[in-house]
Amino acid sequence: MRVSIGLAKDDAEKRLERRGVSRREFMKFCAAVGAALGMGPGAAAEVAAALTAKKRPSVVYLHCAECTGCSEAVLRTVNPFIDELILDTISLDYHETLMAAAGEAVEQALHTAVNSPEGFVCVVEGGIPTKDDGVYGMVAGKTMLSIVKDICPKAKAIIAIGTCASFGGVQAAKPNPTGAVSLSKALDRKDIINISGCPPNPINFVGAVVHYLTKGVPELDQFGRPKVFYGQTVHDQCPRAKHFDAGEFAKSFDSEEAKKGWCLYELGCRGPETYNNCPKALFNQTNWPVQAGHPCIGCSEPDFWDAMSPFYIGR
């Protein structure tokens, strides 16, 4: 049984149009992805070509120790809605949260996708429990540790979505009772594409897929994150940086300085220590935490739950 989102069709743009996504909306989304990738003037057309190719890439999406927040972030993408675009331009053959099937039918879908001669891209969400051979995280009677060790090596490319999969996340925070680790540590691999964030911006996830489809695996930093998304600190891109340089800091969240948009560094902002493109790749092309008046908590960095906390204190 093949459990995929959408059927194979020839003209993706016409398909999207029938579902209420205009070409203008589609190209606007493609332009946003292209901008995040640092592509040139023809970015929208190139991204559109990758996302509407007749041969849709097969994706196997595994869930480990997590809150499903990364999936929720992707699913709540608008303009266009993710189910009208991404889930209809890739062949999502396995995703435990979205699949209508259950039991043996799901296991058969996973087996079919993993053993396809055309290959697949594996996406993993969540940290990997390793203590006591991984018994603290089970799916269908198998440990999450054994599942990723079985499935991931067969994939053409592996994407760890979210800070839990990328670095262990909250599951790996002290005292880490389940021995949770990142996917790269569980597999002892350095070629995994880490799209960190709690949750990450869906643009970065889609951008990584597009980069893989058009140019292969993107250049990664020392933590396995694509440099194109995580090459600069949040602080260096922040619109409030001018206030930091001028020594203008908000003293409380309800102060007049905060209302004027002054720097939140003295309220605990971790922007200078955090690498991500949040100020430029807005969530749903609309907003990001600091613009909404909330300090950056460093959620895309390794061990941020321990290293960056407490999140709300004066300096």
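Let's start with one pair of residues. V60 stands opposite Y94 in strand β2. Keep in mind that this is a predicted model. V60 and Y94 are our way into the sheet.

A second pair sits in the same strand, β2: there, the bridge partner of V59 is L92. Now the strands themselves. Strand β1 covers residues 58-63, and β1 and β2 pair in the parallel sense. They do so over 4 bridges.

Next, the whole sheet. How many strands form it, and in what order? There are 5, and they run β2-β1-β3-β7-β9. The sheet is open, and the pairing is parallel. At the edges are β2, residues 91-95, and β9, residues 193-195. Each of these edge strands pairs on one side only. From one strand to the next, the twist averages 20°.

A helix packs on this sheet. That is α7, residues 144-151. Helix α7 touches β1 and also β3, which is residues 121-125. The direction of α7 makes about 160° with that of β1.

Stay with β2 for a moment. Is this edge strand buried or exposed? In β2, 5 of the 5 residues are buried, so the strand is largely enclosed by the rest of the structure.

Let me step back to the whole chain. The chain has 315 residues, and 53% of them count as buried. There are 15 helices and 9 strands. Take the contacts between residues at least 6 apart in sequence: 74% of those join residues at least 24 apart.

On to the cores. The largest nonpolar core has 34 residues. Which of them touch the most other members? They are V33, I159, F205 and V210. Look at F205 on the screen. Set aside its neighbours within four places in sequence, and F205 is in contact with V74, V123, I159, I161 and I195. There is also a second, separate core of 31 residues. Its members include M99, A101, V106 and I158.

Now the helices, beginning with α3. Helix α3 spans residues 43-51. Its buried residues are A43, A44, V47, A48, A50 and L51. Where do they sit around the helix? Seen down the axis of α3, the buried residues fall within an arc of 160°, so they line one face.

Let's see what packs against α3. One partner is α2, residues 23-36. The axes of α2 and α3 come within 8 Å and cross at roughly 105°. That makes α2 roughly perpendicular to α3. On the α2 side, the contact is made by F26, M27, C30, A31, V33 and G34. On the α3 side, it is made by A43, A44, A45, V47, A48 and L51. Note V33 in that list. V33 is also among the residues with the most partners in the largest core.

Another partner is α10, residues 202-215. The axes of α3 and α10 come within 10 Å and cross at roughly 85°. These two helices are therefore roughly perpendicular to each other. Helix α3 contributes E46, V47, A50 and L51 to the contact. Helix α10 contributes V210, L213, T214 and K215. V47 and L51 of α3 touch α10 here, and V47 and L51 are also part of the contact with α2.

Last topic: the backbone. Most residues other than glycine have a negative phi, and most peptide bonds are trans. So which places depart from that?

Take the peptide bonds. A cis peptide bond joins K174 and P175, with omega about 10°. P175 lies in the loop between α8, residues 163-167, and β8, residues 180-181. The bond from C198 to P199 is also cis. Its omega is near -5°. P199 is found in the loop between β9 and α10.

Now phi. N176 has a positive phi, near 50°, and is not a glycine. Where is N176? In the loop between α8 and β8. That loop also holds P175.

D188 is another one. Its phi is positive, about 55°, although D188 is not a glycine. D188 lies in the loop between α9, residues 183-187, and β9. Is D188 buried or exposed? At 70% relative accessibility, D188 counts as exposed.

That's the tour. We began at V60 and Y94, and we end in the loop that leads from α9 to β9. Thanks, and over to you.

Notes: Residues are numbered from 1 along each chain as its sequence is written. This is a predicted model: local features need pLDDT of at least 70, side-chain atom pairs count only at pLDDT 80 or more; totals for chains, interfaces and linings use all residues. Side-chain values use heavy atoms; hydrogens and water are left out. A nonpolar core is a set of buried Ala, Val, Leu, Ile, Met, Phe, Trp, Tyr and Cys residues joined through side-chain atoms within 4.5 Å. Buried means under 20% relative accessible area, exposed over 50%, partly exposed in between (1.4 Å probe, protein chains only). Contact means heavy atoms within 4.5 Å. The arc is that of the directions from the helix axis to the C-beta atoms. Two strands pair if DSSP finds at least two bridges between them. Axes are lines fitted to C-alpha atoms, for helices over the stretch in contact, and angles run from 0 to 180 degrees between N-to-C directions. Angles under 35 degrees count as roughly parallel, over 145 as roughly antiparallel, 65 to 115 as roughly perpendicular and the rest as oblique.
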